[in-house]
Amino acid sequence: MKTVIDIRSNNSNAPPLTPSGNQRARNIAWSAKAPTVALFGNFGSNNSGNEGSLLTMVDFLRRARPEARLFCVCAHPSVVRSTLGIPAISIRRTSRYSEISNKAVRIPVRLIGKIRDLARAFREIRQADVMIVPGTGILDDFGDPPQGMPLDVLMWCLAARISGTKVAFASVGAGPIDHPVSRWLLVLAAKLAHYRSYRDTPSRVFMQNAGLNTANDAVYPDIVFKLATPAVFARRTSETGALTVGVGVMKYKGWYGFAKGGQAIFDTYLDKLAQFVIYLLERGHRVKLLTGETTDMEAVDALLLRLRSSAADRLPERVGTGLSDSLHSLMEQISETDIVVATRFHNIVCALKMEKPVISLGYSEKNDALLAEMGLGEYCQHVNAFDVDLLTAHFERAVAANQEIKGLIRARNLAFSKLLDMQYERLLSEVLPPAADVTSRFAEPAAGGRNA
């Protein structure tokens, strides 16, 4: 095992605290029996799906390797420290190069900054025996230019590989990666991993088509399917036949939200969603608006503004809103619904975990792939071009087949749990062996895992 250095400094730009004397001896003794695990991802950013993925992996490690020392490399370390109680450092240093107006100056300053970021990544990640990327759509470029998260992922994987730290991608999502530079960066990062698994077959196929050898990579479900569900009371069936419909609302402005035309995409999406909600209200149903990120409240407010002009008299008592700060609170809200229509992937996952019929208005293939695995592939449309009439037809069909759909979901949830138990066993044997089984930190990585 590697000598462990204390990383609890609140200053994410500070160098590691180098131990000395008796403290060094204590650290060496501790590291001989306790592996150090770094968890990498866009965490602490108020995206409940990402936070749920991190929490699921932390819960697993605390149960399976209680002696392990954990720390997180993430977007917002202070949030992770306060919510999970583990040390955390930032993925990149705070930089102001974007404020430099002179392009001839800004470009070399940016390059120097990235070199410093790589050196810092190496300095930090060499403390860990393994760096795990737990779930999330880490291998896509949704909302990010190449110099953003794609470059960050490569730098930390490269730093880990140079330092002898194992790299594991566990049930990650991959694709689309529309920018060719981002595609090159993320494929190269994936090639550096000792262990790779994807949350669906389209992700593995995407990486294969992008130039990665995935022959030995595995496919396991999204790790959030192992997150504990809240205890809830059974819902009573309404005597009038009125339902409570969960409608997941997202601040969606296209794959690259910063690109031209994003506002038009956002407005069209909400105009159609408002039509569907009015359809529900006209039939006596209640609506609970669901979110997955704090930024989604912008979409909620914009949707309510549209509804006030057409259904103002029905809003106060039949349309409920609320911001979920975690997947647990989101599942509690979903437990109060009868059926869910959503855009965000982890809104879909949570609805399935709560055994609710679900209809997807997704922005990538991951939603479609998941519902196909559940036997619900017919209940999908793409958010950019969904048809309101088809959505209402899907809704009526799902309501009529409610019990059959719940049976399908329950059976697949059990199967997903067993598959994820298999992945846990592989992580323990291939990536997180006990101290007595630790091999050379410079051993060559394996290509990946067998297919699940």
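Student: Where does S171 lie, and what makes that element a strand?

Tutor: S171 lies in strand β5, and the name follows from the DSSP run, because helices are runs of H or I with at least four residues, strands are runs of E with at least two, and both are numbered from the N terminus. The model is a predicted one, in which local features need pLDDT of at least 70 and side-chain atom pairs count only at pLDDT 80 or more, while totals for chains, interfaces and linings use all residues. Residues are numbered from 1 along each chain as its sequence is written, and side-chain values use heavy atoms, with hydrogens and water left out.

Student: Why is S171 called buried?

Tutor: The relative accessible area of S171 is 0%, and buried means under 20%, with exposed over 50% and partly exposed in between (1.4 Å probe, protein chains only), so S171 falls in the buried class.

Student: What is noted about phi of S171, and which other residue has a positive value?

Tutor: Phi of S171 is near 55°, a positive value in a residue other than glycine, and E355 likewise has a positive phi, near 60°. Such values are noted because most residues other than glycine have a negative phi. E355 lies in the loop between α12 and β12 (358-362), and its relative accessible area of 25% makes it partly exposed.

Student: How do you know which peptide bond is cis?

Tutor: The bond that joins G175 and P176 has an omega of about -5° and is cis, whereas most peptide bonds are trans. P176 is found in the loop between β5 and α6, and A174 has its place in that loop too, between β5 (166-172) and α6 (180-191). With 7% relative accessibility, A174 counts as buried.

Student: Why do F40 and W156 count as an aromatic pair, and is it stacked, tilted or edge-to-face?

Tutor: By the ring rule the count comes to 12 aromatic pairs. In one of them, F40 and W156 stand 6.1 Å apart, centre to centre, with 45° between the planes. Rings of Phe, Tyr and Trp (its six-membered ring) pair if their centres lie within 6.5 Å, and planes under 30 degrees apart count as stacked, over 60 as edge-to-face and the rest as tilted, so this pair is tilted. The pair links distant parts of the chain, with F40 in strand β1 (residues 36-40) and W156 in helix α5 (residues 149-163), 116 residues apart. F40 is buried at 1% relative accessibility, and W156 is buried with a relative accessible area of 1%.

Student: What makes F276 and F395 an aromatic pair, and of which kind?

Tutor: Their ring centres are 6.0 Å apart with 80° between the planes, which makes the pair edge-to-face. Because F276 lies in helix α8 (residues 262-282) and F395 in helix α14 (residues 388-400), the pair ties together parts that are 119 residues apart in sequence. F276 is buried at 0% relative accessible area, and F395 is buried at 1%.

Student: How do you know that R199 lies over the face of F345?

Tutor: R199 is 4.5 Å from the ring centre of F345, and a charge sits over a ring if NZ of Lys or CZ of Arg is within 6 Å of the ring centre and within 35 degrees of the ring normal. K253 lies over the face of F266 as well, at 5.2 Å from the ring centre.

Student: Why is the link between Q423 and S197 called a polar contact?

Tutor: The contact that joins the side chains of Q423 and S197 is 2.5 Å long. A polar contact is a pair of N or O atoms within 3.5 Å, where within protein one must be able to donate a hydrogen and the other to accept it, and residues adjacent in sequence count only if both atoms are side-chain atoms. Q423 has its place in helix α15 (residues 402-431) and is buried, with a relative accessible area of 1%.

Student: Which residues lie nearest the centre of the largest pocket, and how does its lining divide?

Tutor: The largest pocket is lined by 45 residues, of which N42, N50, F142, D144 and E293 lie nearest its centre. Its lining divides into 13 nonpolar, 21 polar and 11 charged residues, where Ala, Val, Leu, Ile, Met, Phe, Trp, Tyr, Cys and Pro count as nonpolar, Asp, Glu, Lys and Arg as charged, and the others, Gly among them, as polar.

Definitions and conventions: On a 1 Å grid over the protein atoms alone, a cavity is a set of points where a 1.4 Å probe fits but cannot get out, and a pocket is an open set with protein on both sides within 12 Å along at least five of seven lines; lining residues have an atom within 4 Å of a point.
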